[in-house]
Amino acid sequence: MNYRYLGQTKLQVSELCLGTMQFGWSVNETESFNIISKSVGHGINFIDTANIYSQWAKGNPGGTAETIIGNWLSKTSVPRDDLIIATKVRGQMGTDPDNQGLSKSHIMQAVEDSLRRLQIDTIDLYQTHWPDEDTSIDETLSAMDTLVKQGKVRYIGCSNYQAWQLIDALWSSEKNNLVQFDSLQPHYSLANRSEYEGDLSAVCKKYKLGVIPYSPLAGGFLTGKYRTDKPLPKSVRANKTQKYMTDKNYILIAALQSLAKNRNKSISQIALGWLLSQSEITAPIIGPRTITQLRDNLGSVGLRLTDAELEKIDKAST
Ligand SMILES: NC(=O)c1ccc[n+]([C@@H]2O[C@H](COP(=O)([O-])OP(=O)(O)OC[C@H]3O[C@@H](n4cnc5c(N)ncnc54)[C@H](OP(=O)(O)O)[C@@H]3O)[C@@H](O)[C@H]2O)c1
């Protein structure tokens with residue numbers, strides 16, 4: 001495993017981050033434990049979750065993924081300090097309409113709930129899951145600043161921000177002398193380039209933010225298993241993922257397949273390797289549902305594509 005600093009923080013994170021949106025959704029607790037143990041055994045020290053994971057699953061109120069991680073932590077012999085735990089706040093928890101957003105009162109309640117479920121004293125990276133148009137960024141950052149001063153949070157990050165929202169937040173931190181976002185979690189993969197590339201990427205580079213892309217395999221599409229000549233894969237996410245089944249994206253899959261063959265790698269490993277080859281990307285967040293998928297994802301560690309390979313991918317994906 002290779003490790004990198006997350007932006008300008010003192011957190012040294014593995015080049016793959018383990019995402020946990022699937023825990024309690026498409027993966028039960030026992031299998032989730034296996035996935036965490038195997039990941040950590042292979043050197044992954046960075047785990048991403050969110051308080052809402054996965055409240056869209058039937059009968060799940062949210063908080064399940066955090067609870068599973070907490071239960072694993074309570075059983076493992078891996079020292080807490082060897083792991084970097086990131087979670088998020090913003091989404092609707094439960095049915096109370098006030099139990100959501102980025103107001104000071106909600107953040108103060110949500111952080112206590114996350115700490116309790118995770119069974120930890122400090123969250124290493126606390127992220128705003130997406131912006132809250134009803135709350136001023138000054139209020140959100142002031143709440144985050146209090147949490148850092150209280151020792152409940154070490155660093156803060158954000159997700160799903162546009163470039164202007166990120167600049168606005170960085171400016172608010174500077175103006176008000178408050179803690180600042182050290183990382184961005186964007187939706188970024190070979191099947192979804194435009195959202196991050198351009199202004200957002202330029203802001204992250206200029207302000208030296210850590211960048212941890214989510215859905216690096218486009219929910220499974222960039223494994224090559226979504227085929228026009230076969231039924232949709234048996235996945236709870238197939239209905240959403242099939243939006244990527246376009247003529248343009250099959251040109252991309254063909255290019256990835258040919259590179260994969262030359263390198264003796266899988267299509268998904270090349271798609272992850274493409275992210276790992278970009279110096280400003282800190283760690284793609286993988287979301288394996290099985291140990292077999294995890295093993296495949298781990299096969300991308302250390303993979304760096306050549307300029308010629310990157311050019312071929314550019315031609316097929318832009
Ligand atoms: N900030 C945000 O708004 C946000 C949003 C989404 C996700 N995230 C974070 O990012 C993490 C990863 O997101 P993601 O799950 O969308 O990542 P992804 O890597 O794009 O998709 C993962 C899914 O692809 C399929 N897959 C992965 N490897 C495979 C392989 N080798 N062979 C076949 N299928 C494979 C599996 O789904 P099936 O087996 O079901 O097909 C797996 O659950 C999440 O866990 C979460 O922590 C954040």
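What covers the buried residues of H9? Helix H8 (247–263), H10 and helix H11 (307–317) are among the elements that do so. The reader will meet these helices again below. The overall picture comes first.

This is a predicted model. The protein has eleven helices and ten strands. Its C-alpha atoms fill a box of roughly 50 × 40 × 35 Å along the principal axes. A compact globule of 318 residues would have a radius of gyration near 20 Å, and the protein has 19 Å, so the two agree. Buried residues account for 46% of the 318. Contacts reach far along the chain. Of those with a separation of 6 or more, 75% link residues 24 or more positions apart.

Now the sheet. Eight strands form an open sheet with parallel pairing. Their order is S9-S8-S7-S6-S5-S4-S3-S10. Strand S9 (210–211) and strand S10 (285–286) are the edges, and each pairs on one side only. In general, strands of a sheet pair through backbone hydrogen bonds, either parallel or antiparallel.

Take one pair from this sheet. Strand S6 (residues 123–128) and strand S7 (residues 153–159) run parallel and are joined by five bridges. Ile123 stands opposite Val153 in S7. Leu125 has Tyr155 of S7 as its bridge partner. Is S7 enclosed or open to the outside? Six of its seven residues are buried, so S7 is largely enclosed by the rest of the structure.

Next comes the nonpolar core. The largest one has 83 residues. Cys17, Phe46, Tyr126, Leu222, Leu256 and Ala271 have the most contacts inside it. Helix H9 (residues 267–276) gives the largest share of this core, seven residues. Several of the residues named here sit in elements already introduced. Tyr126 falls within S6, which spans residues 123–128. Leu256 falls within H8, which spans 247–263. Ala271 is one of the buried residues of H9.

H9 itself is mostly covered, with ten of its ten residues buried. They are Ile267, Ser268, Gln269, Ile270, Ala271, Leu272, Gly273, Trp274, Leu275 and Leu276. The cover from H8, H10 and H11 described at the start belongs to these residues.

Cys17 shows how distant parts of the chain meet. Leaving aside residues up to four places away in sequence, Cys17 touches Phe46, Asp48, Ile212, Ala283 and Ile285. Phe46 and Asp48 belong to strand S4 (46–48). Ile285 belongs to S10, the edge strand at 285–286.

The ligand comes next. It is surrounded by 31 residues. The closest are Gly19, Met21, Gly220, Ser235 and Gly287. Which elements each supply at least two residues of this shell? S10 and helix H10 (291–298) do. H10 gives the largest share, three residues. H10 thus has two roles in this picture: it lines the ligand shell, and it helps to cover the buried residues of H9. By class, the shell divides into nine nonpolar, 17 polar and five charged residues.

Some backbone details are worth a look. A cis peptide bond joins Tyr53 and Ser54, with omega about -15°. Ser54 is found in the loop between S4 and helix H2 (64–75).

Two residues have a positive phi although they are not glycines. Arg90 has a phi of about 155°. Asn264 has a phi of about 60°. Both are in loops. Arg90 is found between strand S5 (84–89) and helix H3 (104–118). Asn264 lies between H8 and H9. Their surroundings can be counted. Are Arg90 and Asn264 buried or exposed? Arg90 is buried because 25 other C-beta atoms lie within 10 Å, and the cut-off for buried is 20 or more. Asn264 counts as exposed because it has 8 C-beta neighbours inside 10 Å, and the cut-off for exposed is 12 or fewer.

One more loop residue falls in between. Glu195 lies in the loop between strand S8 (181–185) and helix H6 (199–206). It has 14 other C-beta atoms within 10 Å, so it is partly exposed. Beyond residues up to four places away in sequence, Glu195 touches Pro186, His187 and Tyr188. The C-alpha atoms of Glu195 and Gln162 are separated by 8.3 Å, though these residues are 33 apart along the chain.

Note on methods:
Residues numbered from 1 in each chain as written. Predicted model: local features only at pLDDT ≥ 70, side-chain atom pairs only at ≥ 80, totals over all residues. Core = buried A, V, L, I, M, F, W, Y, C linked by C-beta atoms within 7 Å. Helix = DSSP H or I, 4+ residues; strand = E, 2+ residues; numbered from the N terminus. Contact = placed C-beta atoms within 7 Å. Pairing = 2+ DSSP bridges. Near = placed C-beta within 6 Å. Nonpolar A, V, L, I, M, F, W, Y, C, P; charged D, E, K, R; others polar. Rg over C-alpha atoms; globule rule 2.2 N^0.38 Å.
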